[in-house]
Amino acid sequence: MPIVTIQITREGATPEQKAALIKGATDLLVDVLNKPPALTFVIIQEVNLEDWGVGGLPTPEFRKRIAETSPG
């Protein structure tokens, strides 16, 4: 019984996008590990953007710095 957890930032993923993630993860487990879809569970957890960090910074600050250093 596989359980897949997908964590994304809370930035407006649509129900259709979430359904596509669930289907894609389920299909991957079927294709690679031959797991039955009816016993495959996919959980999507949305995390507030300020609670997600990358490069040692909260994501909003990281994105701000990247934008400041990007050409154009």
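Start by selecting Gln45, which, apart from its neighbours within four places in sequence, is in contact with Thr5, Ile6, Gln7 and Ile8, where contact means heavy atoms within 4.5 Å. The model in your viewer is a predicted one, in which local features need pLDDT of at least 70 and side-chain atom pairs count only at pLDDT 80 or more, while totals for chains, interfaces and linings use all residues. Residues are numbered from 1 along each chain as its sequence is written, and side-chain values use heavy atoms, with hydrogens and water left out.

**Stop 1: Gln45 and its partner strand**

Gln45 is found in strand β2; helices (H or I, at least four residues) and strands (E, at least two) are DSSP runs, numbered from the N terminus. If you add Gln7 to the selection, you will find that Gln45 and Gln7 are 38 residues apart in sequence, yet their C-alpha atoms are 4.8 Å apart in space. Gln45 is partly exposed, with a relative accessible area of 35%, and for such labels buried means under 20% relative accessible area, exposed means over 50%, and partly exposed lies in between (1.4 Å probe, protein chains only).

**Stop 2: along helix α1**

Now select helix α1, which has 19 residues and reaches 27 Å from its first C-alpha to its last, close to the 27 Å expected at 1.5 Å a residue; the expected span is 1.5 Å times one less than the number of residues. Which residues of α1 are buried? They are Ala25, Thr26 and Leu29, and, seen down the axis of α1, these buried residues fall within an arc of 95°, so they line one face of the helix. The arc is that of the directions from the helix axis to the C-beta atoms. What covers the buried residues of α1 includes β1 and β2, whereas on the other side of the helix Glu16, Lys23, Leu28, Asp31 and Val32 are exposed.

While α1 is selected, pick out Gly24, which is found in this helix and is partly exposed at 36% relative accessibility. The C-alpha atoms of Gly24 and Val42 are separated by 9.9 Å, although the two residues are 18 residues apart along the chain.

Just after α1 comes Asn34, whose place is in the loop between α1 and β2. Its phi is near 60°, a positive value in a residue other than glycine, and at 67% relative accessibility Asn34 counts as exposed.

**Stop 3: the salt bridges**

The structure holds four salt bridges, a salt bridge being a side-chain nitrogen of Lys or Arg within 4 Å of a carboxyl oxygen of Asp or Glu. Side chains of opposite charge can pair when their charged atoms come close.

Select Arg63 together with Glu11, whose closest N and O atoms are 2.8 Å apart in their salt bridge. Arg63 lies in helix α2 (residues 59–69) and Glu11 in the loop between β1 (3–9) and α1 (15–33), so the pair ties together parts that are 52 residues apart in sequence. Arg63 is partly exposed at 39%, and Glu11 is partly exposed at 44%.

Next, select Glu46 and Lys18, which form a salt bridge with closest N and O atoms 3.2 Å apart. This pair links distant parts of the chain, with Glu46 in strand β2 (residues 41–47) and Lys18 in helix α1, 28 residues apart. Glu46 is partly exposed, with a relative accessible area of 25%, and Lys18 is partly exposed, with a relative accessible area of 23%.

Then move to Glu61 and Arg65, whose side chains meet in a salt bridge (3.0 Å, N to O). Because they are four residues apart in helix α2, Glu61 and Arg65 are separated by about one helical turn. Glu61 counts as partly exposed at 28% relative accessibility, and Arg65 is partly exposed at 44%.

**Stop 4: Thr59**

Is Thr59 buried or exposed? Thr59, which lies in helix α2, is buried, with a relative accessible area of 5%. Leaving out its neighbours within four places in sequence, Thr59 is in contact with Leu49, Trp52, Gly53 and Val54.

**Stop 5: a nonpolar patch**

Finally, select Met1, Ile3, Leu39, Phe41 and Ile43, which make a nonpolar surface patch of about 520 Å². Patches are made of residues with over 30% relative accessible area and no salt bridge, with like charges joined within 9 Å and nonpolar side chains (Val, Leu, Ile, Met, Phe, Trp, Tyr) joined within 5 Å; accessible areas come from the Shrake-Rupley method with a 1.4 Å probe, and for residues only the protein chains shown count as cover. Within this patch, Met1 lies in the segment before β1 and is exposed, with a relative accessible area of 67%.
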